[in-house]
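Reader: I'm new to reading protein structures. Could you show me one and walk me through it?

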Amino acid sequence: MAPRRAAALRDGDVSLRDHLIAATTRLIAERGTAGLTVRDIARAADVAVGVLYNHFADKEELLALALHQHVRDVERRIGRPGTEGTPAENLHAFVTHALAAHTAFLPAFAGLIGQPEVFARFDALPNPMAGGRGLHTALADYLRTEQANGRVTADTDPDAVATLVVGACHELVLPHVFRGRSEPPDVPPGRVEALVATVLHGITPR
């Protein structure tokens, strides 16, 4: 007997594999990954449970692909920071963007603590943010452009700055993930401004 075909595909041109990824992505956006079962995914996709294994090696592969799409969807929804302002304005926009993105998508990873195989599959995929470059590389590349334009000092290390900025965003969000908490973290008032000022002006007297 042929595998049950989702009603949503009978008159469309979406592949069943893509349909399954999309259905899993929607579930992750709605309820996260904690307790998410193959049966839940099959029900949401309107297919028989066994159909999933015709298109993916295992549940872990499907979850990794859906998480990857979830991160891309989040970034598309919140938009990317612009680079038309001053370095201070652009850096502020980048930090605000990074915090919003991490706050939106990292809770979905909380349900996977203790499932390293899903994280390994996810890490093997291209970086889902900043058009495949990732936040670190995107910021470092921007700073190199500003160096070439003379708006950032020649002795600035763009990769070190990117590590500090992205790491600061992780420091605010990741503890929530490790504790399995889904509510957004509280960003202390003035934290973004203080981080930007520290990056721009350093900590030693001039």
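Reader: Let's start with A130. Is A130 buried or exposed?

Author: Keep in mind that this is a predicted model. A130 sits in the loop between α6 and α7. The cut-off for buried is under 20% relative accessible area. A130 has 8%, so A130 is buried.

Reader: What is the phi of A130?

Author: Here's some background: most residues other than glycine have a negative phi. A130 is not a glycine, yet its phi is positive, at about 55°.

Reader: Which loop holds D46, and is D46 buried or partly exposed?

Author: D46 is another non-glycine with a positive phi, of about 60°. The loop it belongs to is the one between α2 and α3. Its relative accessible area is 27%, and the buried class stops under 20% while exposed starts over 50%. So D46 is partly exposed.

Reader: Okay, let me zoom out. How many helices and strands are there in the protein chain?

Author: Reading from the N terminus, the elements run α-α-α-α-α-α-α-α-α. The count for the protein chain is nine helices and zero strands.

Reader: And what does the C-alpha trace of the protein chain span along its principal axes?

Author: The protein chain has 206 residues, and 39% of them count as buried. Among contacts with a separation of 6 or more, 65% come from residues 24 or more positions apart. Along the principal axes, the C-alpha trace spans about 75 × 35 × 25 Å.

Reader: Let's take helix α3. How far apart are its end C-alpha atoms?

Author: Helix α3 covers residues 59-78, which is 20 residues. At 1.5 Å a residue, it should span 28 Å. The end C-alpha atoms agree with that, as they are 29 Å apart.

Reader: What covers the buried residues of α3?

Author: The buried residues of α3 include L62, L63, L65, L67, H68 and H70. E60 and E75 are on that list too. Right after the helix comes G79, whose phi is positive, near 80°. As for the cover, it includes α1, α2, α4, α5 and α6.

Reader: Then there's α4. What covers its buried residues?

Author: The 19 residues of α4 should span 27 Å at 1.5 Å a residue, and the end C-alpha atoms are indeed 27 Å apart. Its buried residues include P87, F94, V95, H97 and F105. The cover over the buried residues of α4 includes α3, α5, α7, α8 and α9.

Reader: Which residues is V95 in contact with, leaving aside its neighbours within four places in sequence?

Author: V95 lies in helix α4. With a relative accessible area of 1%, V95 is buried. V95 and L200 are 105 residues apart along the chain, but their C-alpha atoms are separated by 13 Å. Setting the sequence neighbours aside, the contacts of V95 are V165, C169, V192, L195 and V196.

Reader: How do α8 and α9 run, roughly parallel or roughly antiparallel?

Author: The axes of α8 (residues 158-178) and α9 (residues 191-201) come within 11 Å and cross at roughly 160°. An angle over 145 degrees counts as roughly antiparallel. That makes α8 and α9 roughly antiparallel.

Reader: How do the residues of that contact of α8 with α9 divide into nonpolar, polar and charged?

Author: The crossing of the two helices is right-handed. On the α8 side the contact is made by V161, V165, A168, E171 and L172, and on the α9 side by R191, L195 and V199. They divide into six nonpolar, no polar and two charged.

Reader: What about H136: which residues is it in contact with, leaving aside its neighbours within four places?

Author: H136 is in helix α7. Its relative accessibility is 28%, so H136 counts as partly exposed. The C-alpha atoms of H136 and A148 are separated by 19 Å, and the two are 12 residues apart along the chain. Beyond its sequence neighbours, H136 is in contact with D159, A162, T163 and V166.

Reader: Last one: how far apart in space are E30 and A108, C-alpha to C-alpha?

Author: E30 is in helix α1. At 64% relative accessibility, E30 counts as exposed. E30 and A108 are 78 residues apart in sequence, while in space their C-alpha atoms are 9.4 Å apart.

Terms used
Residues are numbered from 1 along each chain as its sequence is written. This is a predicted model: local features need pLDDT of at least 70, side-chain atom pairs count only at pLDDT 80 or more; totals for chains, interfaces and linings use all residues. Side-chain values use heavy atoms; hydrogens and water are left out. Helices (H or I, at least four residues) and strands (E, at least two) are DSSP runs, numbered from the N terminus. The expected span of a helix is 1.5 Å times one less than its number of residues. Buried means under 20% relative accessible area, exposed over 50%, partly exposed in between (1.4 Å probe, protein chains only). Contact means heavy atoms within 4.5 Å. Axes are lines fitted to C-alpha atoms, for helices over the stretch in contact, and angles run from 0 to 180 degrees between N-to-C directions. Angles under 35 degrees count as roughly parallel, over 145 as roughly antiparallel, 65 to 115 as roughly perpendicular and the rest as oblique. A crossing is left-handed if the near helix is turned anticlockwise from the far one by less than a right angle, and right-handed if clockwise. Ala, Val, Leu, Ile, Met, Phe, Trp, Tyr, Cys and Pro count as nonpolar, Asp, Glu, Lys and Arg as charged, and the others, Gly among them, as polar.
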